[in-house]
Amino acid sequence: MKHLVLITLLLTFLTGCKTNPPVSVEVVKGKIEITANIQGAKIFVNGSDSGNLTPATLELTPGKYTFKLTKDGYSDVEKEYTIVGNQAISAVFELTEVSVSKIVLLEDFANVSCDPCVISNKILHSLSEKYKNRIAIVKFPVNFPSPNDPFYLHAKDYAGKRSSYYKIFSAPTVIADGTTRPIATDSTSIINAIESNLAKIPYFNISVTKTVANSQLSVNVALDKFSDALENLENVIIHTVIIEKRIEFQSPPGSNGEKIFYDVMRKMLPDADGTPLNLVNNKQTISTSVATDPLWNKDQLQVIVYVQNKITKEIYQAAISD
């Protein structure tokens, strides 16, 4: 009898330890139909590109999701929806067209003893009136043909670094938006460069204000990236440049006979390397101030800000202070 009890207990133990195969549970997905007031907008799910464009229907496991729609020329729209298994919901997005005007930056590398610079200076000044508020001009002085150019001597650290960046070997040299080099003495060539760059998407909206008080220049910059089409921002820099709109001498400071100069670079803030792009929710602000130089005419000071990829040299957008 004792042996029978032991055998019964052993059989019970062995039977109880027997493993059962795992039960497969099928996850019931839900659907979301995404539509918008425009077709072809990119659909991002929880920050990742879904690979779909509007209109589209996505099938997702149950849970809470963040959906964002983006398209060039429109402001991004973001909404949150909860997906429930075996249910279909609809989501309607309204994208607003961004009325941001492209401003083209013209960088002019010149010297007070450069004879062809007389022609390019007249062309650029004329175009500044023709394309008012659509182009920004910065004249960067170089140290050739004359190393005694007073503009270069006043700001040679900034001017020298900028000309080295572009590998400037002759004056005048005009560069539009960092990548286009028209013929500096040919107005048609410069106009073509302006027009082709005006047609590009600016990606950024920039506002800049300046105040001058008690020999102190204060600058406030507000930057807003309104499109996710520009994805790689690692090498993007914000440049802030103080220029003097008009400078007149009683006698020519160089050998080319010019006495009036426009849009002359006086200083770069914080320096020629600029400020790294560091967006928070697609926005960034910069506030800085600097003592004005006794040589500067405070009434002629203006600030130009531009966003540039330091590797490709492309300038995406520029802005001019009021």
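What radius of gyration does the protein chain have, set against that of a compact globule of 322 residues? In this predicted model, the answer is 31 Å, while a compact globule of that length would come in near 20 Å. The extents tell a similar story: along its principal axes, the C-alpha trace spans about 130 × 45 × 40 Å.

Here are some whole-chain numbers to keep at hand.

| Property of the protein chain | Value |
|---|---|
| Residues counted as buried | 44% of 322 residues |
| Contacts joining residues at least 24 apart, among those between residues at least 6 apart in sequence | 66% |
| Exposed area | about 17100 Å² |
| Part of the exposed area from carbon and sulfur atoms | 51% |
| Distance between the mean positions of the 32 positive and 33 negative charges | 4 Å |

As for secondary structure, the chain has five helices and 18 strands.

Now for two residues, starting with Q308. You'll find Q308 in strand 17, which runs over residues 301-309. Is Q308 buried or exposed? Its relative accessibility is 1%, and buried means under 20%, so Q308 counts as buried. Its side chain has a polar partner, too: a contact of 2.9 Å links it to the side chain of Y166.

Y166 isn't the whole story for Q308. Leaving aside neighbours within four places in sequence, Q308 is in contact with R162, Y165 and Y166, and also with G178, N235, V236, I237 and H239. K313, E314 and I315 complete that list.

Helix 4 is worth a look here, since it covers residues 156-166. Which residues of helix 4 are buried? They are Y158, A159, G160, R162, S163 and Y166. A bit of helix geometry helps when reading that list: an α-helix has 3.6 residues a turn, so residues three or four places apart point the same way. R162 and Y166, both on the buried list, turn up again among the contacts of Q308. Just after helix 4, K167 takes a positive phi of about 55°.

P145 is the other residue to check. It sits in the loop between strand 9 (135-141) and helix 3 (150-154). With a relative accessible area of 56%, and exposed meaning over 50%, P145 therefore counts as exposed. What does P145 touch, not counting residues up to four places away in sequence? The partners are N111, S113 and C114. D115 gives a handy distance as well: P145 and D115 are 30 residues apart in sequence and 9.6 Å apart in space, going C-alpha to C-alpha.

How values were computed: Residues numbered from 1 in each chain as written. Predicted model: local features only at pLDDT ≥ 70, side-chain atom pairs only at ≥ 80, totals over all residues. Heavy atoms only, no water. Helix = DSSP H or I, 4+ residues; strand = E, 2+ residues; numbered from the N terminus. Buried < 20%, exposed > 50% of the residue type's maximum accessible area, 1.4 Å probe, protein only. Polar contact = N/O pair within 3.5 Å; in protein donor to acceptor, adjacent residues only side chain to side chain. Contact = heavy atoms within 4.5 Å. Rg over C-alpha atoms; globule rule 2.2 N^0.38 Å. Areas by Shrake-Rupley, 256 points an atom, 1.4 Å probe, with all protein chains shown as cover. Lys, Arg positive; Asp, Glu negative; His and termini not counted. Charge placed at Lys NZ, Arg CZ, Asp CG, Glu CD.
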